[in-house]
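Trainee: I would like a close look at one part of this model, namely a charged side chain and the partner that it meets. Please take that pair slowly, and then connect it to the other contacts that you consider worth following.

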Amino acid sequence: MKLEIDRIAYSEFDFDTYFNEYIVPKKPVIVEGVFTFDSDKVTPEYVKENFSNESKKELGWFDSDLVDNEIIAIPDFVKKILAREEYAVRKSPMRVFMQPQGHITLPHYDGNSLHGLNQQVIGEKRWILTSPKTPLPCMPFMYAGLVGRDFVYAPEKYDFYDFISKPGDVVSIPPYWFHEVHSLGKVNCNANWVFTPKKPDESTGLGKREVEIVKLRKTWPFVNKAFFPDEFSNYGGQGEELIKTYSENVGMTRMVGRFVKELAAFPKTILMAKQLRSRADEFKKNNFNV
Ligand SMILES: [Fe+2]
């Protein structure tokens with residue numbers, strides 16, 4: 001069914017409520033009016049000049065070390081969450097997105113069990129967030145949806161939110177929630193901070209898939225080599241110890257079962273390959289290209 005996103009005004013923000021009612025139970029929410037950036041100074045030129053670090057360039061964004069100054073500051077509640085013991089935080093936990101109007105990201109969920117807090121800085125975006133309890137079909141071993149451009153989110157099949165973010169909104173995208181994002185403004189820029197719960201959440205099919213894939217990547221390195229762009233040595237930068245703890249409940253039978261399930265999606269992937277590749281290329285091409 002189509003769900004209604006909760007919105008909290010920053011002026012009435014209470015950290016414990018936010019943390020216990022949304023972050024811990026992994027329920028999407030928007031905090032509105034978080035103007036921790038200087039709207040006059042954060043221009044596309046400023047973003048390009050300060051965040052186009054080629055060594056941190058990813059498929060559709062630039063990773064960054066934390067930036068916290070008078071032009072772009074980290075909201076206090078984000079700092080508090082990143083500092084918590086139960087989360088693993090990578091060395092460069094900030095991501096900056098900047099895309100032109102019309103850009104659409106292929107629906108996907110973020111790998112390595114990332115939880116994202118995404119702040120709209122310039123422009124507007126339309127988000128479709130799909131629950132990991134009713135996941136989209138996945139590309140084999142990957143985190144992207146195996147769906148075409150004409151895909152329709154049927155409310156009888158999928159639980160999803162469909163909403164628009166405006167400057168000052170901070171959207172929480174919990175682990176394993178699929179997101180398809182449409183850039184609506186002329187220029188659209190977002191700051192995003194990511195962290196990973198140290199304990200995996202196996203309460204949904206995608207949470208189970210994550211730990212099974214971790215076990216596969218660890219046990220059969222050829223899977224890792226063939227399907228994943230990043231090194232697996234430290235679980236995407238969140239820490240080596242997570243590789244062990246994430247997959248500790250997964251036995252060999254479960255792991256092989258996952259391998260077979262992933263292989264079953266290959267025929268459909270081959271049929272859709274051209275379309276999926278062109279969407280991935282668009283995502284890449286539009287990175288900071290405004
Ligand atoms: Fe994402």
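Mentor: R126 counts as partly exposed, because its relative accessibility is 29%, a value that lies between the 20% under which a residue is called buried and the 50% over which it is called exposed. The model is a predicted one, and every value that follows is computed from it. The partner of R126 is D162, and their side chains meet in a salt bridge with an N to O distance of 2.7 Å. D162 is likewise described as partly exposed, because its relative accessible area is 25%. Since R126 belongs to strand β8 and D162 to strand β9 (residues 160-165), this salt bridge ties together parts of the chain that are 36 residues apart in sequence.

Strand β8 (residues 125-130) also holds K125, which counts as buried because its relative accessibility is 4%. The side chain of K125 makes a polar contact of 3.0 Å with the side chain of Q99. Beyond its neighbours within four places in sequence, K125 is in contact with a number of residues, among them F97, Q99, F163, I164, V181 and H182. For H182, the C-alpha to C-alpha distance from K125 is 5.5 Å, although the two residues are 57 apart in sequence.

The salt bridge of R126 can be set beside others, given that a search of the whole structure finds 18 salt bridges. One pair is R95 and D63, whose side chains meet in a salt bridge at 3.4 Å, N to O. Because R95 lies in strand β6 and D63 in strand β4 (residues 62-64), that pair ties together parts 32 residues apart in sequence. R95 is buried, with a relative accessible area of 6%, and D63 is buried as well, with a relative accessible area of 9%.

Another pair is R254 and E212, where the side chains meet in a salt bridge at 2.6 Å, N to O. This pair links distant parts of the chain, with R254 in helix α7 (residues 252-263) and E212 in helix α4 (residues 205-219), 42 residues apart. R254 counts as partly exposed at 27% relative accessibility, whereas E212 is buried, with a relative accessible area of 5%. Salt bridges that share partners join E202, R209, E212, R254, R258 and E262 into one network.

The domain division gives these pairs a wider setting, with domain 1 spanning 2-199 and domain 2 spanning 205-269. Between domain 1 and domain 2 the count of salt bridges is zero, while nine residue pairs in polar contact are found across their interface. The two domains bury about 2100 Å² between them, and 61% of that area is on carbon and sulfur atoms. On the domain 1 side, N112, P140 and F141 lose the most area to domain 2, together 37% of what that side buries.

Finally, there is the metal site, where the iron ion is coordinated by H108 (NE2), D110 (OD) and H179 (NE2) at 2.1 to 2.2 Å. D110, in the loop between β6 (94-100) and β7 (115-122), and H179, in strand β11 (residues 178-183), form a pair that links distant parts of the chain, 69 residues apart. Both D110 and H179 are buried.

Conventions
Residues are numbered from 1 along each chain as its sequence is written. This is a predicted model: local features need pLDDT of at least 70, side-chain atom pairs count only at pLDDT 80 or more; totals for chains, interfaces and linings use all residues. Side-chain values use heavy atoms; hydrogens and water are left out. Donors are N, O and S atoms within 2.8 Å of the metal (3.2 Å for Na, K and Ca); water is not among the atoms, so sites may look incomplete. Helices (H or I, at least four residues) and strands (E, at least two) are DSSP runs, numbered from the N terminus. Buried means under 20% relative accessible area, exposed over 50%, partly exposed in between (1.4 Å probe, protein chains only). Domain bounds come from an automatic or database domain assignment. Buried area is the accessible area (1.4 Å probe) that two parts lose on being put together, summed over both. A salt bridge is a side-chain nitrogen of Lys or Arg within 4 Å of a carboxyl oxygen of Asp or Glu. A polar contact is a pair of N or O atoms within 3.5 Å; within protein, one must be able to donate a hydrogen and the other to accept it, and residues adjacent in sequence count only if both atoms are side-chain atoms. Contact means heavy atoms within 4.5 Å.
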